[in-house]
Amino acid sequence: MGFLGRLLPKRFRKKGVSIPVVRLHGAIMTGGSQFKPTLSLATAAPMLEKAFSRKEAPVVAISLNSPGGSPVQSRLIFQRIRALAEEKQKKVLIFVEDVAASGGYMIALAGDEIFADPTSIVGSIGVVSGGFGFPEMLKKIGVERRVYTAGENKVILDPFKPEKESDIEYLKTLQIEIHKVFIDMVKMRRGERLADDGEIFSGLFWTGGKGLELGLIDGLGDMREVLKRRFGKDARLELIGSARSLFGRKVPGVTAITPGLGEIAAQAGAGLAAGIEERALWSRYGL
């Protein structure tokens, strides 16, 4: 219901409850651009604040579609949703579209109930790091690598140096720590709903149907179907929008400033790099 609608006496308002809907779609990472927006706390927070401010809404519905990305941003979005839910005393219903995997599933844990399509992808409760190594390439093109540091481990995992076992072991300890935080979050939020299956925390991912068996989600169905069944056929879904940038892109919480040609070129380059990274995340799940 818009601002003017809320000023009307109840007898003149439309029938049925209005349910705010927030779309959290895309790879989770910071540093997006007007050419390639990404999902982060900065982009999600304004929409979440607006949705939870709807006093008459019985719940907040979140449409989620993400292959994951930054564990930090995933956890920050999760925490903001839960903080607002407790502050405003509202239930949160999460509806998975194509995928809620890795960091995407971490965000899904913020829901009091999680729904998905039978063919959605859910899970991937693990941690992954990746990159490329180029030590031989420098030799072939006749380039000498020069790095000066204070601190013997300052160039750990340098892609232009040969890989070292000690570097890999150190990276593994970080991954294990992050994985433990993820596992604890799943156990805290899903509790006894989880099946007794050791594969749940292995990094595997499943369809929505199998995810329901494993206790990763609570039901199958799409947003409109579930909400109208629960709140009546007159229930209305209100998509919470965000401010638009100079180029028409929705950029929540960001004020549009007229860019120069150099900035446009830089943003285009950043968007291309982000696009490649995002495509790699989606491709892990065949999407």
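**Exercise 1. Work out how far strand β3 is covered and which strands pair with β3.**

Step 1. Start with burial: β3 is mostly covered, as eight of its 11 residues are buried. Buried means under 20% relative accessible area, exposed over 50% and partly exposed in between, with a 1.4 Å probe and protein chains only. Helices (H or I, at least four residues) and strands (E, at least two) are DSSP runs, numbered from the N terminus.

Before going on, keep in mind that this is a predicted model, in which local features need pLDDT of at least 70 and side-chain atom pairs count only at pLDDT 80 or more, while totals for chains, interfaces and linings use all residues. Residues are numbered from 1 along each chain as its sequence is written, and side-chain values use heavy atoms, with hydrogens and water left out.

Step 2. Look at β2, which runs parallel to β3 and is joined to it by seven bridges. Two strands pair if DSSP finds at least two bridges between them. Here L64 stands opposite V96 in β3. From β2 the chain passes through α3 to reach β3, a right-handed β-α-β crossover. Right-handed means that, with the strands pointing away from the viewer, the path from the first strand over the helix to the second runs clockwise.

Step 3. Now take β4 (residues 113-116), which pairs with β3 (residues 91-101) in the parallel sense over four bridges. F95 has F115 in β4 as its bridge partner. The route from β3 to β4 goes through helix α4 (residues 103-108), and this β-α-β crossover is right-handed.

Step 4. Finish with strand β5 (residues 121-123), which is parallel to β3 and joined to it by three bridges. In this pairing, A100 stands opposite V122 in β5.

**Exercise 2. Find the parallel partner of β4 in strand β7 and the residues that stand opposite each other.**

Step 1. Strand β7 (residues 219-220) and β4 pair in the parallel sense over two bridges.

Step 2. Across this pairing, A116 stands opposite L220 in β7.

**Exercise 3. Locate S102 and F182 and decide whether they are buried or exposed.**

Step 1. S102 sits in the loop between β3 and α4. This residue counts as buried because its relative accessible area is 14%. From S102 to V128 the C-alpha distance is 9.2 Å, with their positions 26 residues apart in sequence.

Step 2. F182 belongs to helix α6. With a relative accessibility of 2%, F182 is therefore buried.

Step 3. Neighbours within four places in sequence aside, F182 is in contact (heavy atoms within 4.5 Å) with S102, Y105, M106, L109, S124, I125 and G126. Y105 is 77 residues from F182 in sequence, yet their C-alpha atoms are 9.8 Å apart.

**Exercise 4. Describe the largest nonpolar core and the elements that build it.**

Step 1. A nonpolar core is a set of buried Ala, Val, Leu, Ile, Met, Phe, Trp, Tyr and Cys residues joined through side-chain atoms within 4.5 Å. The largest has 45 residues, and L24, I62, I81, Y105 and L216 have the most contacts inside it.

Step 2. Elements that give two or more residues to this core include β1 (18-25), β2 (59-66), α3 (71-88) and α6 (165-190). The most comes from α2, with seven residues.

Step 3. Zoom in on L216: beyond four places in sequence, L216 touches Y105, I114, V122, G123, I125, R190, L194, I200, W206 and G211.

Step 4. Another core, of 11 residues, lies apart from the largest one; I19, V59, M223 and L227 are among its members.

**Exercise 5. Sum up the whole chain and judge where to read the model with care.**

Step 1. The protein chain has nine helices and eight strands. Of its 287 residues, 40% are buried. Among contacts with a separation of 6 or more, 73% link residues 24 or more positions apart.

Step 2. Turn to pLDDT, the predictor's confidence in each residue, from 0 to 100. The chain averages 81, and 74% of the residues score at least 70. By element, β4 has the highest mean (98) and helix α9 (residues 261-283) the lowest (56).

Step 3. Over residues 251-261, pLDDT stays under 50, and the model has 16 contacts beyond four places in sequence for them. Residues 263-270 are also below 50, with seven contacts beyond near neighbours in sequence. Where pLDDT is low, the predicted coordinates should not be read in detail.
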